[in-house]
Amino acid sequence: MKWPNQLIKCIARNRSVLFLGAGLSKNSVDRNGNHPKDWKGFLECGIEKIDSQSVKKNIKKEIDRDNYLLACELLKKKLGDNDFIDLLKDEFERPQFQEADIHKDIFKLNQRIVITPNFDKIYDSYAEHESQGTIHVKKYDETDIADGLRRHDMLILKMHGSIDSPNKVIFTQKDYAKARIQYAKFYKIMEALLMTHTFIFIGAGINDPDVRLLLENYSAMFHTAMPHYFVTTKESIKNKEDIYSEIFNLKFLLYDSRDNHKELSDSIHELVTLVEVEREEIAKSQNW
């Protein structure tokens, strides 16, 4: 995968925002060698805890339609809040997933703002440890995010919440609708960052509701502005690259998913070197 010079320059000057999706977490493993489940895998696991065959059938139908929000809504309603939270912890907290090499390389890019819809703490915990507590993790419902941005703090913004506050995790259709109304200020911050920074989506899905909403609004208002970058597999965007590029004002960077997404890991590792070289050139010229 070839990294565009414009993107390298944005990262080197710390004018980018890294958006880390669930695909990034799947590089991690627990002590038994298991990888975290994606949204579909989580829902399929949850189905097994339901006795009613009719409810199982309804949820499976929504999963097959890629309507994960509604499927999750049905699952949570059937399990109840307590059992649903227990399921979340069983899948995303208790296995104690460890950071992978790709997490370490992303940290080395040294970007001031990282946004993630992931409510696991794999990257957060690693980044906090490596930065000796100088990186601040903020959830969508916290009121001092704008202050942190103005003070040039290093921030990880958890746009769907965190597993350590499972009752506030945004994971169902009702959760999304409620968050957009009650925490509209957070989404205004996201919109402002889209206008002022170059976003690099890594491991994210183009069908994530928040991703689509943000990109649709941005593209509609600033269709001729510099595009954002979306790193994804060739097969996930097959025959749709042109139309999605136009709709969302994106430039897609495609890679082969073989060997457990090895090309992505290798490419991120290469990007670290390219950014370091660019920073050295900027330092020489003092053209910050």
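Q: What covers the buried residues of helix 3?
A: In this predicted model, the cover includes helix 4 (53–64), helix 5, helix 6 (81–92), helix 10 and helix 12 (209–221).

Q: What makes helix 3 (residues 39–47) count as mostly covered?
A: Of its 9 residues, 7 are buried. To be called buried, a residue must have under 20% relative accessible area. The ones that pass are Trp 39, Gly 41, Phe 42, Leu 43, Cys 45, Gly 46 and Ile 47.

Q: Why is the arrangement of helix 5 and helix 10 called roughly perpendicular?
A: Let's set the angle against the range. Helix 5 (residues 68–79) and helix 10 (residues 173–182) pack at about 110 degrees, and their axes are 7 Å apart. Angles of 65 to 115 degrees count as roughly perpendicular, so helix 5 and helix 10 earn that name.

Q: Which residues make the contact of helix 5 and helix 10?
A: Helix 5 brings Leu 69, Leu 70, Glu 73 and Lys 76, while helix 10 brings Gln 173, Lys 174, Asp 175 and Tyr 176. Sorted by class, this contact of helix 5 with helix 10 has 3 nonpolar, 1 polar and 4 charged residues.

Q: Why is helix 5 described as oblique to helix 6?
A: Here the angle is about 120 degrees, with the axes of helix 5 and helix 6 6 Å apart. The roughly perpendicular range is 65 to 115 degrees and roughly antiparallel starts over 145. An angle of about 120 degrees falls under neither name, so helix 5 is oblique to helix 6.

Q: Which residues in helix 5 and helix 6 meet?
A: Cys 72, Leu 75, Lys 76 and Leu 79 in helix 5 meet Asp 81, Asp 83, Phe 84 and Leu 87 in helix 6. The contact of helix 5 with helix 6 divides into 5 nonpolar, no polar and 3 charged residues.

Q: Where does Leu 75 make contacts, leaving aside its neighbours within four places in sequence?
A: Leu 75 is in contact with Phe 42, Leu 43, Gly 46, Ile 47, Ile 50, Ile 59, Phe 84 and Leu 87. Leu 75 is also among the residues with the most contacts inside the largest nonpolar core, together with Phe 42, Leu 43, Ile 115, Phe 171 and Phe 201. That core has 55 residues. A second, separate core of 29 residues includes Ile 11, Leu 109, Ile 200 and Tyr 255.

Q: How many aromatic pairs does the structure hold?
A: There are 17 aromatic pairs. Ring pairs also link Trp 39, Phe 42, Tyr 68, Phe 84, Phe 92, Phe 119 and Phe 171 into a cluster.

Q: Why is the pair of Phe 19 and Phe 201 called tilted?
A: Their ring centres are 4.8 Å apart, and rings pair if the centres lie within 6.5 Å. Planes under 30 degrees apart would be stacked and over 60 edge-to-face; at 45 degrees, the pair is therefore tilted. Phe 19 lies in strand 1 (residues 16–20) and Phe 201 in strand 5 (residues 198–202), 182 residues apart. Both Phe 19 and Phe 201 are buried.

Q: What makes the pair of Phe 186 and Tyr 187 edge-to-face?
A: The planes are at 85 degrees, with the ring centres 5.6 Å apart. Over 60 degrees counts as edge-to-face, so the pair gets that name. Both Phe 186 and Tyr 187 are buried.

Q: How do you know that Asp 124 counts as buried?
A: Its relative accessibility is 3%, and buried means under 20%; Asp 124 therefore counts as buried. Asp 124 is found in helix 8 (residues 122–130). Leaving aside neighbours within four places in sequence, Asp 124 is in contact with Val 137, Ile 156 and Lys 158.

Q: Why does Asp 105 count as buried?
A: At 6% relative accessibility, Asp 105 meets the under 20% rule, so it counts as buried. Asp 105 sits in helix 7 (residues 101–108). Not counting residues up to four places away in sequence, Asp 105 touches Ser 265, Ile 268, His 269 and Val 272.

Q: What makes Val 231 buried?
A: A relative accessible area of 2% is under the 20% limit, so Val 231 is buried. Val 231 belongs to strand 6 (residues 228–233). Leaving aside its neighbours within four places in sequence, its contacts include Met 1, Trp 3, Ile 200, Phe 201 and Tyr 255.

Terms used: Residues numbered from 1 in each chain as written. Predicted model: local features only at pLDDT ≥ 70, side-chain atom pairs only at ≥ 80, totals over all residues. Heavy atoms only, no water. Axes fitted to C-alpha atoms, helices over the stretch in contact; angles between N-to-C directions. Helix = DSSP H or I, 4+ residues; strand = E, 2+ residues; numbered from the N terminus. Parallel < 35°, antiparallel > 145°, perpendicular 65-115°, else oblique. Contact = heavy atoms within 4.5 Å. Nonpolar A, V, L, I, M, F, W, Y, C, P; charged D, E, K, R; others polar. Phe/Tyr/Trp six-rings, centres within 6.5 Å; stacked < 30°, edge-to-face > 60°. Buried < 20%, exposed > 50% of the residue type's maximum accessible area, 1.4 Å probe, protein only. Core = buried A, V, L, I, M, F, W, Y, C linked by side-chain atoms within 4.5 Å.
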